[in-house]
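Me: I am new to this structure and would like a close look at a single part of it. Please take the place where helices pack against one another, and then put that part in its setting.

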Amino acid sequence: QHSVAAACKHLIAMADGGTQCSRVRVFTRVRPAKPEEKPCVQPSEASNSVRVLTEIQAPVTEIDQSRTTVEAQDFAFDGVFSGSASHEDVFAAVGQPVLLECLAGFNGTILAYGQTGSGKTHSLLESGEVGVLPRLACEIFARITQDTDSDYIVEAAAMQVYNEQVDDLLHSSHNTGGGRNLPLLFSGEVTELTWVQCKQSRKLLSTFAKARKNIIYAETKMNKASSRSHAIFQIRIIKHVQPGKGQSTCSRLNVVDLAGSERIKKSGAQGVQFKEAININNSLLTLGNVVSALASKKSFVPYRDSKLTHILSSSLGLNCKTTLLVCVSPAEDHVHETLCSLKFASRAMDIEINAQVNHIPDSEATEPGASGSVPEYPDEEETQAVQATQAMADALERAEQSEARAILAEQAVSEWKSRAESAELAAREDTIAQLTKELDLRNVVIKDLRTEMASLRAGLQGREADVTRRLADAEKSGQEARDAAAEAARLSAESQQASIDAAAERDRATREAERLAEE
């Protein structure tokens with residue numbers, strides 16, 4: 001389903017005692033999206049790739065043009081798990097191949113990396129659905145019982161890096177302050193760590209369950225059970241081969257649940273959690289610098305800039321088969337963190353490793369059940385000699401680191417100047433884009449106002465013509481009224497004159513009649 005068969009076949013292929021030169025194997029797991037989240041990550045299990053979609057603000061030249069464009073970024077890995085992938089799928093591709101190599105004598109490391117809440121602890125340590133570590137604990141003894149030619153000693157240890165100090169999670173007095181702030185050797189080894197011998201998978205599971213109870217968790221806005229430390233679980237496998245059937249080996253398997261990177265603004269960390277977040281982010285920044293230096297094959301690698309990278313120095317680029325599981329969120333709100341995690345994973349794929357089988361003389365391989373210890377515990381004289389050698393090496397390395405840091409500081413200043421100039425340019429571009437947007441909006445308003453004014457002007461012109469027409473009609477009606485009045489006055493005058501003439505004619509006729517009568 002996940003192109004796992006080919007990956008497993010490649011990883012399970014082991015050397016017959018020599019040295020293998022390969023690279024860090026990288027897998028990506030995309031957790032399922034929550035109902036309220038808008039996904040922007042598209043995992044492809046068939047092609048072992050991940051596509052991330054991001055929205056980019058585009059300059060607007062036309063009013064009806066879209067204001068955003070979608071940009072796709074693609075990443076390819078050794079394997080990809082979508083939200084529907086099971087823990088069994090993850091273990092088959094990530095956990096089992098490393099375990100088989102450890103049983104063959106190679107050192108192995110499985111690291112889980114990603115932002116807080118992306119599913120790292122769920123993938124590695126989950127006991128309900130059985131994550132990678134519980135499956136490893138069961139698989140070890142299942143494989144051991146099948147090997148009738150060898151006897152095994154399996155030991156377990158666990159530690160956490162909390163606020164730049166190393167704590168023993170299995171110390172008998174852990175709850176009262178025991179096993180805190182343990183020292184590191186030059187090699188990154190923690191010599192005072194508690195090792196517990198386990199003869200059954202049940203004992204190994206209970207040992208790690210006890211260690212998990214001592215890991216520091218806290219609730220944040222982004223995760224109800226956010227790891228506040230980097231947890232490192234170690235399994236030491238001592239294989240005593242019967243005479244004539246091969247060579248004995250001693251290997252170590254590390255399972256590392258890295259605390260998630262977080263933005264203070266998003267997680268809402270305050271007080272103690274704020275300090276924890278600062279230390280987590282600083283150690284992860286150093287891990288990123290180490291990975292970049294190894295991927296670029298630089299001569300100086302800043303392993304000792306943090307306790308985490310100092311402890312993991314043997315797992316990165318040295319004698320160890322290393323597999324990285326990068327967990328990411330599909331949510332659009334976390335696209336920046338997702339891109340950072342995937343870019344980190346891409347750089348890690350360029351890290352070359354030189355792993356070799358860790359043979360030990362049969363006389364030094366402790367028999368199962370014996371009270372003796374593995375040669376990793378030196379006697380007092382050897383310890384003093386090692387410490388003296390380490391002191392000299394430390395002094396030389398500090399001098400080299402000081403010189404290297406000065407160079408890095410100059411590079412950092414130059415880089416920050418370039419970033420500042422880029423940020424200033426980006427800010428100016430954003431300002432120009434904003435002003436252009438505002439200008440376009442104003443042009444729209446002006447255009448609408450001009451249209452409205454033209455409409456009003458046309459209406460006014462129509463009304464003016466109507467009023468003129470009505471005034472002309474009124475004036476014409478007034479003239480006709482005046483002419484009618486004059487005619488009426490003339491007719492009235494004529495009527496009055498006629499009346500006068502008629503009266504005069506009557507008088508004359510009367511007088512004429514009287515005269516005739518007298519005659």
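Reply: What follows describes the packing around one helix, α4, and then the chain around it in a predicted model.

Start with the helix itself. Helix α4 covers residues 132–144, and helix α5 covers residues 201–213. The axes of these two helices come within 8 Å and cross at roughly 155°. An angle over 145 degrees counts as roughly antiparallel, and α4 and α5 are therefore roughly antiparallel to each other. Their crossing is right-handed.

The residues that make this contact can be picked out on each side. From α4 come L133, P134, A137, C138, I140 and F141. From α5 come S201, L204, L205 and F208, which the α4 residues meet. Sorted by class, the contact between α4 and α5 consists of nine nonpolar residues and one polar residue, with no charged residues.

Helix α4 also has a second partner, helix α2, which covers residues 87–103. Here the axes come within 10 Å, and the crossing angle is roughly 45°. That angle makes α2 oblique to α4. As for the hand of the crossing, α2 and α4 cross in a right-handed way.

On the α2 side, the residues in this contact are H87, E88, V90, F91, G95, Q96, L99, L100 and L103. They meet V132, R135, L136, E139, I140 and R143 of α4. By class, the α2 contact with α4 has eight nonpolar, three polar and four charged residues. I140 of α4 is named in the contact with α5, and I140 is named again in the contact with α2.

Next, the loop that leads into α2. G83 lies in the loop between β6, residues 79–81, and α2. With a relative accessible area of 36%, G83 is partly exposed. Apart from neighbours within four places in sequence, G83 is in contact with V30, R31 and P32. G83 can also be placed relative to S329: the two are 246 residues apart in sequence, while their C-alpha atoms are 9.9 Å apart in space.

H336 gives another such pair. H336 sits in helix α9, which covers residues 335–348, and at 41% relative accessibility H336 counts as partly exposed. H336 and T54 are separated by 282 residues in sequence, and the C-alpha to C-alpha distance between them is 9.1 Å.

Two loop residues elsewhere deserve a note on their backbone. Most residues other than glycine have a negative phi. N163 is not a glycine, yet its phi is positive, at about 50°. N163 is found in the loop between β8 (150–162) and β9 (165–168). Its relative accessibility is 22%, so N163 counts as partly exposed. K297 is not a glycine either, and K297 has a positive phi of about 60°. K297 belongs to the loop between α7 (272–295) and α8 (307–311). At 55% relative accessibility, K297 counts as exposed.

Finally, the whole chain. The protein chain has ten helices and 17 strands. It contains 519 residues, of which 40% count as buried. Among contacts in the chain with a separation of 6 or more, 72% are between residues 24 or more positions apart. The chain exposes about 28600 Å², and carbon and sulfur atoms supply 53% of that area.

To return to the part you asked about: α4 is roughly antiparallel to α5, and α2 is oblique to α4.

Conventions: Residues are numbered from 1 along each chain as its sequence is written. This is a predicted model: local features need pLDDT of at least 70, side-chain atom pairs count only at pLDDT 80 or more; totals for chains, interfaces and linings use all residues. Side-chain values use heavy atoms; hydrogens and water are left out. Axes are lines fitted to C-alpha atoms, for helices over the stretch in contact, and angles run from 0 to 180 degrees between N-to-C directions. Helices (H or I, at least four residues) and strands (E, at least two) are DSSP runs, numbered from the N terminus. Angles under 35 degrees count as roughly parallel, over 145 as roughly antiparallel, 65 to 115 as roughly perpendicular and the rest as oblique. A crossing is left-handed if the near helix is turned anticlockwise from the far one by less than a right angle, and right-handed if clockwise. Contact means heavy atoms within 4.5 Å. Ala, Val, Leu, Ile, Met, Phe, Trp, Tyr, Cys and Pro count as nonpolar, Asp, Glu, Lys and Arg as charged, and the others, Gly among them, as polar. Buried means under 20% relative accessible area, exposed over 50%, partly exposed in between (1.4 Å probe, protein chains only). Accessible areas come from the Shrake-Rupley method with a 1.4 Å probe; for residues, only the protein chains shown count as cover.
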